[in-house]
Amino acid sequence: MTNFSHLIFDLDGTLINSKLGLHNSLDYMLTQMNIDLNGAEIVDQLIGPPIQDGLKKVLGFDDKQVALGVRLFREYYSQRGLYEGELYPGILELLEELLQQGKQLYVATSKKDQFVSIVLRHFELDRYLIDSQGAGDGGRHTKAGLITELMDRNQITPSANVVMIGDTKYDLVGGKANEISTIAVGYGFGNSEELRALNPDYFVEEVEELFELLV
């Protein structure tokens, strides 16, 4: 058991298994752009960083294609995709217990701001959180920058008692950049070997292990 006072969670792949909605949003985008590719083949590579960065790096889109791709992706996602997911089993019980223990709970995600509040309400996560931080228009924020913004706004001083919990390298790099503890979760969308190579303070394979570690 650890004794963290402030816990910052990633959203997709950490609290919510959102792969279906993201996959379907990608398929819609690819179909509308006449690109013969299955979203399932690339969805894991696009989770974590801002969607703009992923489209450039994974699909080689130029700026014009990125703008169109983001618009089409969000067209589906905003109407259907953001609801096509489910909480990982045990997450609500974990958050409830942490809240009862007086822990300060937050979310930092690269998901666009306007979607974050909708998703948190839909999955009834908002009642556990003090605050959340999403990305603004254009995807200009790194995960480290989002964490910094969240911490500054809530006057959270960097220390080992503050922890970033996430499933991708962006969460771990962002936590380390802010001089806070890090927990990598292996049940999400990230690569376990890649996560371990970044030397997080803790690594867990399942939500049950996360519960044991935190509670």
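User: How far from the ring centre of Phe 203 does Arg 196 lie?

Analyst: This is a predicted model, in which local features need pLDDT of at least 70, side-chain atom pairs count only at pLDDT 80 or more, and totals for chains, interfaces and linings use all residues. Residues are numbered from 1 along each chain as its sequence is written, and side-chain values use heavy atoms, with hydrogens and water left out. Arg 196 lies over the face of Phe 203 (for Arg, CZ within 6 Å of the ring centre and within 35 degrees of the ring normal; for Lys, NZ), and its distance from the ring centre is 3.8 Å.

User: Is the aromatic pair of Phe 4 and Tyr 202 stacked or edge-to-face?

Analyst: The structure holds five aromatic pairs (rings of Phe, Tyr and Trp, the last by its six-membered ring, with centres within 6.5 Å; planes under 30 degrees apart are stacked, over 60 edge-to-face, the rest tilted). Phe 4 and Tyr 202 are 6.2 Å apart centre to centre, and with 85 degrees between the planes their pair is edge-to-face.

User: How many residues apart are Phe 4 and Tyr 202?

Analyst: Phe 4 belongs to the segment before strand S1 (6–9), whereas Tyr 202 belongs to strand S8 (residues 202–204), strands being DSSP runs of E with at least two residues, numbered from the N terminus. The pair therefore links distant parts of the chain, its partners being separated in sequence by 198 residues.

User: Is Tyr 202 exposed or partly exposed?

Analyst: Phe 4 is buried, with a relative accessible area of 6% (buried is under 20%, exposed over 50%, partly exposed in between; 1.4 Å probe, protein chains only). Tyr 202 has a relative accessible area of 33%, so it is partly exposed.

User: Why does the pair of Phe 73 and Tyr 77 count as stacked, and at what angle are the planes?

Analyst: Phe 73 and Tyr 77 are both buried, and they stand four residues apart in helix H4 (residues 63–79), which means about one helical turn between them. The ring centres are 5.9 Å apart, and the pair is stacked because the planes are at 10 degrees.

User: At what angle do helix H1 and H4 pack?

Analyst: Helix H1 (residues 19–32) meets H4 through residues including Leu 22, Met 29 and, from H4, Phe 73 (contact being heavy atoms within 4.5 Å). The axes of H1 and H4 are 8 Å apart, and the packing angle is about 130 degrees.

Terms used
Axes fitted to C-alpha atoms, helices over the stretch in contact; angles between N-to-C directions.
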